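Dear colleague,

I am handing over the structure below for your records and would be grateful if you would read the following notes alongside it.

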Amino acid sequence: KDQIFAVLDHEEMKIGLKKTKASLEIAKANLQISEVNLNDASRDDIRMTNLFEKGAITDKQKQESLSHLKRMEAQYLQAKAMLLDAKASLKQAKISLDKAFIKSPIDGVLTIKYISENNMANPSRPLANISNLNELKILIGVPEKIISEIDPKTSLVDVKVDAYRSE
């Protein structure tokens, strides 16, 4: 169970993952820049408010300072959203890459391969058949003279298969 039995071509996915990681780093940097800009704008607005109250600047200058602060707040929120988006994209890229490694959903043995290397996989066609050899159903012919001796609910039978000569 959970063993890889097929690998899809995933070079593009690896490149996409690298690009997504880079986008995440850019988003982190943009958030830091936005945070610094917001802090600067906040300090400037406090300073401008104090100057306005002392009559040292005009109402227009005070409003410009407030507008700048609002723009920096919006820019900060946008940078936070972009960081969340980059994190989600990274998670999605990791999931996509993980799907390139096809794992067995059960314990068992690969019994049939329906596709060969470099063939195109199709979602509607199975790649392989994995069988649990601990739970086999075998159809065998039983001679008529011993059929009455077999109770399907309680009879145990030894089965010998050429593929497992030693067992």
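A residue is called buried when its relative accessible area is under 20%, exposed when that area is over 50%, and partly exposed in between. Thr-49 has a relative accessible area of 21%, so this residue counts as partly exposed. Thr-49 lies in helix α1. Between the C-alpha atoms of Thr-49 and Leu-84 there are 34 Å, and the two residues are 35 apart along the chain. Please keep in mind throughout that this is a predicted model.

Salt bridges

How many salt bridges does the structure hold? There are seven of them, and three are described here, starting with the pair in which Glu-25 takes part.

Glu-25 is found in helix α1 and forms a salt bridge with Lys-28, with 3.6 Å between the closest N and O atoms. Helix α1 covers residues 11-53, and because Lys-28 and Glu-25 are three residues apart in this helix, about one helical turn separates them. Both partners are partly exposed: Lys-28 has a relative accessible area of 36%, and Glu-25 has one of 47%. Glu-25 may also be placed with respect to Ala-86, which is 61 residues away in sequence, while the C-alpha atoms of the two are 8.7 Å apart in space.

Asp-44 and Arg-47 form another salt bridge, in which the closest N and O atoms are 2.2 Å apart. These two residues also lie in helix α1, where a spacing of three residues amounts to about one turn of the helix. Asp-44 is partly exposed at 31% relative accessibility, and Arg-47 is partly exposed at 47%.

A further salt bridge joins the side chains of Asp-98 and Lys-103, with an N to O distance of 3.8 Å. A salt bridge requires a side-chain nitrogen of Lys or Arg within 4 Å of a carboxyl oxygen of Asp or Glu, so the Asp-98 and Lys-103 pair qualifies at 3.8 Å. Asp-98 has 43% relative accessibility and counts as partly exposed. Lys-103 counts as partly exposed as well, at 37%.

A nonpolar patch on the surface

Which residues form the nonpolar patch on the surface? They are Val-109, Leu-133, Leu-136, Ile-138, Ile-140, Val-142, Ile-146, Ile-147 and Ile-150, and together they have about 730 Å² of accessible area. One of these residues, Ile-146, is situated in the segment after β4, a strand that spans 128-131. Ile-146 has a relative accessible area of 33% and is partly exposed. Members of a patch must have over 30% relative accessible area, so the value of 33% for Ile-146 meets that requirement.

The second largest pocket

The second largest pocket holds about 460 Å³ of space. Its lining consists of 15 residues, and those nearest the centre of the pocket are Val-7, Ser-116, Glu-117, Asn-118 and Asn-119. Which strand gives the most to this lining? Strand β1, formed by residues 4-7, does so with three residues. By character, the lining of the second largest pocket is made up of nine nonpolar, three polar and three charged residues.

The loop between β3 and β4

Two residues of this loop deserve a mention. Pro-123 sits in the loop between β3 (109-113) and β4. Is Pro-123 buried or exposed? With 86% relative accessibility, Pro-123 is exposed. In sequence Pro-123 and Lys-94 are 29 residues apart, and from C-alpha to C-alpha they are 20 Å apart in space.

Arg-125 belongs to the loop between β3 and β4. Arg-125 is partly exposed, its relative accessible area being 43%. The C-alpha atom of Arg-125 is 9.2 Å from that of Ile-115, and 10 residues separate the two along the chain.

The segment before β1

Finally, Asp-2 is placed in the segment before β1. The phi angle of Asp-2 is near 65 degrees, which is a positive value in a residue other than glycine. Asp-2 has a relative accessible area of 54%, and since exposed means over 50%, Asp-2 counts as exposed.

With kind regards

Key
Residues are numbered from 1 along each chain as its sequence is written. This is a predicted model: local features need pLDDT of at least 70, side-chain atom pairs count only at pLDDT 80 or more; totals for chains, interfaces and linings use all residues. Side-chain values use heavy atoms; hydrogens and water are left out. Helices (H or I, at least four residues) and strands (E, at least two) are DSSP runs, numbered from the N terminus. Buried means under 20% relative accessible area, exposed over 50%, partly exposed in between (1.4 Å probe, protein chains only). Patches are made of residues with over 30% relative accessible area and no salt bridge: like charges are joined within 9 Å, nonpolar side chains (Val, Leu, Ile, Met, Phe, Trp, Tyr) within 5 Å. Accessible areas come from the Shrake-Rupley method with a 1.4 Å probe; for residues, only the protein chains shown count as cover. On a 1 Å grid over the protein atoms alone, a cavity is a set of points where a 1.4 Å probe fits but cannot get out, and a pocket is an open set with protein on both sides within 12 Å along at least five of seven lines; lining residues have an atom within 4 Å of a point. Grid points are joined across faces, edges and corners, and a volume is the space filled by probe spheres set on the points. Ala, Val, Leu, Ile, Met, Phe, Trp, Tyr, Cys and Pro count as nonpolar, Asp, Glu, Lys and Arg as charged, and the others, Gly among them, as polar.
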